[in-house]
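The following exercises concern enclosed space, helix packing and a loop residue. Each task is followed by a solution in steps.

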Amino acid sequence: MSQTATSFDPRPLTEPVDKKAARAFWRRIRSSSGMTTNRIVGVAVAVVFLVFFVGVGSRVFGAFFSAGADVGGGMGALLVVVPVVFGLAVIGVLVAVVRSMFGPGPAVRAYRLDRFARANGMSYEPGLTAPQLPGMIFGQGSARRSADLVRGQRPRFVEFGNYQYTTGSGKEQTTHHWGYVAIKLDSPLPNIVLDAVSNNGLFGSNLPASFARGQRLHLEGDFDQHFALYCPEGYEQDALYLFTPDIMARFIDHAAALDVEIVDDWLFLYAQGRTLSTLDPATWAWMFVTVGALLDKMAQWARWRDDRLAPDAAARATTSGAASAPAVSADSGTAAPVDGTAPVDGAASLPFVAPTAALTPPPGVAPEGRRLRRSTPVTAIVIGVVIVGAWFAISTLIRF
């Protein structure tokens with residue numbers, strides 16, 4: 001990932017750590033990344049809860065103790081023991097929360113990842129709130145945050161990270177966890193999704209978005225056994241140009257357990273419920289091999305151009321060429337420069353302005369290819385109908 005070749009070095013992930021140095025590093029990155037404010041809020045919430053517990057809990061426990069003394073016997077002892085056990089449990093939870101916030105665990109983890117990143121020619125950042133990335137998982141839900149970002153800049157920008165967001169509210173609230181790799185491309189490409197078959201669930205795809213079936217493209221060989229490929233309608237030939245047999249083989253061999261999305265000038269690898277920026281050397285070895293195998297083939301994608309943009313490119317080139325072209329003298333049949341200087345000897349009169357180079361579309365994607373058309377998951381509709389039908393049947397039976 002670095003400008004100079006660097007061998008994979010996983011030792012910082014597992015070798016002993018100076019906890020004093022780790023805590024100093026943790027304090028430094030917290031203050032520079034704004035994490036201190038979040039911790040102050042967390043401490044304030046814990047203090048309020050503790051004050052409430054001590055104030056209200058003492059009265060409740062006092063009532064239990066009085067009742068236990070009045071009742072006596074086994075029931076009295078039970079009335080005394082229950083609040084004591086409950087109080088100890090609450091105190092244990094508070095201690096665990098405080099240790100997770102101020103203990104050496106987060107500091108050591110961050111310190112290890114930072115040293116690992118430096119040893120492998122990369123950099124480390126503890127996290128970002130609402131990262132501005134165009135991938136499908138980054139536009140879902142609320143409370144969006146990425147964590148443990150390990151970034152490389154050469155030969156192209158690559159970011160390894162963990163991400164979470166929340167959907168629903170109240171009892172229906174769910175936090176979704178993803179590991180991801182973001183790779184910057186040379187130019188924008190059509191929105192293409194490779195939905196890995198191996199990580200699908202009982203009800204189909206694990207991805208947070210569904211796509212219209214008319215956009216599914218079947219490729220040759222056994223690629224369909226590993227991925228379902230979706231591309232915008234009309235971009236089938238472009239997808240075949242991008243996913244040549246050798247590139248398909250790279251995805252099958254190295255990324256068959258990951259979902260893939262190409263959007264704008266980014267390529268994303270997604271792993272639902274899995275931590276990819278981790279302290280596990282085996283996971284990093286897998287990620288490095290996978291990204292290295294893909295980077296080796298991405299250079300040829302830079303040559304892709306969207307022919308739908310060609311008319312605009314030709315119009316701009318013609319206008320620009322006409323503005324700088326020499327004027328044609330009608331009586332001499334030679335080209336006369338527009339500034340009034342003498343005509344160029346031997347210059348032929350042409351009915352058009354010849355471009356100096358072949359016209360090619362500019363880098364970019366036409367509007368119809370920038371995003372896939374979304375659809376409502378059929379499975380979700382079927383489950384909803386079944387639930388409503390079951391509720392109606394049960395309510396009818398109860399009524400009669």
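**Exercise 1.** Determine which helix gives the largest share of the lining of the largest cavity.

*Solution.* The largest share, 4 residues, comes from H7. The model is predicted: local features need pLDDT of at least 70, side-chain atom pairs count only at pLDDT 80 or more, and totals for chains, interfaces and linings use all residues. Residues are numbered from 1 along each chain as its sequence is written, and side-chain values use heavy atoms, with hydrogens and water left out.

Step 1. On a 1 Å grid over the protein atoms alone, a cavity is a set of points where a 1.4 Å probe fits but cannot get out, and lining residues have an atom within 4 Å of a point. Volume is the space filled by probe spheres set on the points, which are joined across faces, edges and corners. The structure holds 2 cavities of 30 Å³ or more, and the largest has about 50 Å³ of space.

Step 2. Its lining consists of Ile247, Arg250, Phe251, Ala293, Leu294, Lys297, Met298 and Trp301. Two or more of these residues come from each of helix H6 (245–255) and helix H7 (281–298); helices (H or I, at least four residues) and strands (E, at least two) are DSSP runs numbered from the N terminus.

**Exercise 2.** Identify the strand that gives the most to the lining of the second largest cavity.

*Solution.* Step 1. This cavity has about 40 Å³ of space and is lined by Arg156, Leu185, Asp186, Ser187, Leu189, Met298, Trp301 and Ala302.

Step 2. Strand E4 (residues 174–196) contributes the most, with 4 residues.

**Exercise 3.** Establish how the axes of H6 and H7 are oriented to each other.

*Solution.* Step 1. The axes, lines fitted to C-alpha atoms over the stretch in contact, are compared by angles from 0 to 180 degrees between N-to-C directions. Those of H6 and H7 come within 10 Å and cross at roughly 175 degrees.

Step 2. H6 and H7 are therefore roughly antiparallel (an angle over 145 degrees).

Step 3. The contact (heavy atoms within 4.5 Å) involves Asp246, Ile247, Arg250, Phe251, His254 and Ala255 of H6, and on H7 Trp286, Val289, Thr290, Ala293, Leu294, Asp296 and Lys297.

**Exercise 4.** Is valine 197 buried, partly exposed or exposed?

*Solution.* Step 1. Valine 197 lies in the loop between E4 and strand E5 (216–217).

Step 2. Its relative accessible area is 37%, so valine 197 is partly exposed (buried is under 20%, exposed over 50%, partly exposed in between, with a 1.4 Å probe and protein chains only).

Step 3. Beyond four places in sequence, valine 197 contacts Asp224, Gln225, His226, Phe227 and Ala228. The C-alpha atoms of valine 197 and aspartate 224 are separated by 8.5 Å, although these residues are 27 residues apart along the chain.

Definitions and conventions. 1 Å grid on protein atoms, 1.4 Å probe; cavity = no way out; pocket = protein on both sides within 12 Å on 5 of 7 lines; lining within 4 Å. Parallel < 35°, antiparallel > 145°, perpendicular 65-115°, else oblique.
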